[in-house]
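User: I have a model open and would like to go through it. Can we take it piece by piece?
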There are 2 protein chains.
Amino acid sequence: MMDERQAIAAFAALGQEHRLRIVRALVTAGPDGLAAGVLAGGVGVSGTNLSFHLKELSRAGLIQSRREGRSILYSAAFAGLSGLVEFLMRDCCQGRPEVCTPAVEALTACLCLPGDTAHA
Amino acid sequence: MMDERQAIAAFAALGQEHRLRIVRALVTAGPDGLAAGVLAGGVGVSGTNLSFHLKELSRAGLIQSRREGRSILYSAAFAGLSGLVEFLMRDCCQGRPEVCTPAVEALTACLCLPGDTAHA
DNA sequence: GCAATATCTCAATCATTGTTGAAATGTAGA
DNA sequence: TCTACATTTCAACAATGATTGAGATATTGC
């Protein structure tokens, strides 16, 4: 379960234009991930700067990496992302479900809820 | 629908110890909200500093305020919070639901999903 | 081993952000 | 209107974060 320190690091990591773009690119790319060079082109930062941001995201537990040939492939840490959301919304309704209904609606529209993928 | 600029502001706002505590306190407090003075005590910041952070959170669309007597009551903007999550996870699985299953599981454990609360 | 590719580390600089105290604003009750 | 209370604004300083370029490390194919 995510603690406050991790959550702060993760939110701060996401609160930066280039890093947010990196994470969204990786979320869209899926588990296979993208090579650092490809990311640099897509996000529009220099290699040095990208490396700095990737390290930051890794420290925050939002991405992971693996080497493949001479490239390093980065991918989104989906468990980290969901843990973050869980931390933010923990104790959100305290027995009053109507409080978090807007949040739930936004999420069900976005996520592929298992056992509920027939429509869409 | 939330755009990138808003999302960056919101994540950056949450990526700060005191502001994250403020938001979590307000999420827990629910729609009624809390007075600024109460928040200052709970979070452990000076009035001046609290005011700075509240303004920042308000600018980011994560909280709202209303005056009541000589207090100002702040409350969480649940729509803003859920929009943020939606932005982060948009296009997360591209037809591969297994990708975001961990995220979904964390959320169903936390949120009071309407019409789907029977099973854990 | 050598050259080419891909990525990272380091040190310096610049910009942004958080914190503080003093003073100002707005509200309520005598 | 006077005083007390609640919160905000302002200006200054300290701390943190982003960016850059040069050089270092790791991998591959010849």
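Analyst: What follows goes through chain A, its sheet, the core, a helix of chain B and the DNA.
Analyst: This is a predicted model, so local features need pLDDT of at least 70 and side-chain atom pairs count only at pLDDT 80 or more, while totals for chains, interfaces and linings use all residues. Residues are numbered from 1 along each chain as its sequence is written, and chains are lettered from A and ligands numbered from 1 in the order in which they are written.

User: How many helices and strands does chain A have?
Analyst: Chain A has six helices and three strands. Helices (H or I, at least four residues) and strands (E, at least two) are DSSP runs, numbered from the N terminus. Along the sequence the pattern is α-α-β-α-α-β-β-α-α.

User: What is the strand order in the sheet of chain A?
Analyst: The order is 1-3-2, in an open sheet of three strands with antiparallel pairing. Strand 1 and strand 2 are the edge strands, and each pairs on one side only. Two strands pair if DSSP finds at least two bridges between them.

User: How many bridges join strand 2 and strand 3 of chain A?
Analyst: Six bridges join them, in the antiparallel sense, with strand 2 covering residues 63-68. Arg66(A) has Leu73(A) as its bridge partner, and Glu68(A) has Ser71(A). The two strands form a hairpin with two residues between them, and Gly69(A) in the turn has a positive phi of about 65 degrees.

User: And strand 1?
Analyst: Strand 1 of chain A (residues 34-35) pairs with strand 3 over two bridges, also antiparallel. Ala35(A) stands opposite Leu73(A) there.

User: New topic. Which residues have the most contacts inside the largest nonpolar core?
Analyst: Val23(A) and Val23(B) do, in a core of 64 residues. A nonpolar core is a set of buried Ala, Val, Leu, Ile, Met, Phe, Trp, Tyr and Cys residues joined through C-beta atoms within 7 Å. A residue is buried if 20 or more other C-beta atoms lie within 10 Å of its own, exposed if 12 or fewer, and partly exposed in between, with C-beta atoms placed from the backbone.

User: What is Val23(A) in contact with, leaving aside neighbours within four places in sequence?
Analyst: Val23(A) is in contact with Leu14(A), Leu57(A), Leu62(A), Ile63(A) and Ala76(A). Two residues are in contact if their C-beta atoms, placed from the backbone, lie within 7 Å.

User: How much of chain A is buried?
Analyst: Buried residues make up 42% of its 120 residues.

User: Is helix 5 of chain B mostly covered or uncovered?
Analyst: Mostly covered: ten of its twelve residues are buried, including Phe78(B), Leu81(B) and Met89(B). Just after helix 5, Asp91(B) takes a positive phi of about 60 degrees.

User: Now the DNA. Which residues come nearest to strand C?
Analyst: Ala35(A), Ala36(A), Gly37(A), Ser51(A) and Thr48(B) come nearest, of the 21 residues around DNA strand C. A residue is near a strand if its C-beta atom, placed from the backbone, lies within 6 Å of it. Helix 4 of chain A gives the most to this surface, with five residues.

User: And DNA strand D?
Analyst: Of the 22 residues around DNA strand D, Ala35(B), Ala36(B), Gly37(B), Thr48(B) and Ser51(B) come nearest. Helix 4 of chain B supplies the largest share of that surface, six residues.
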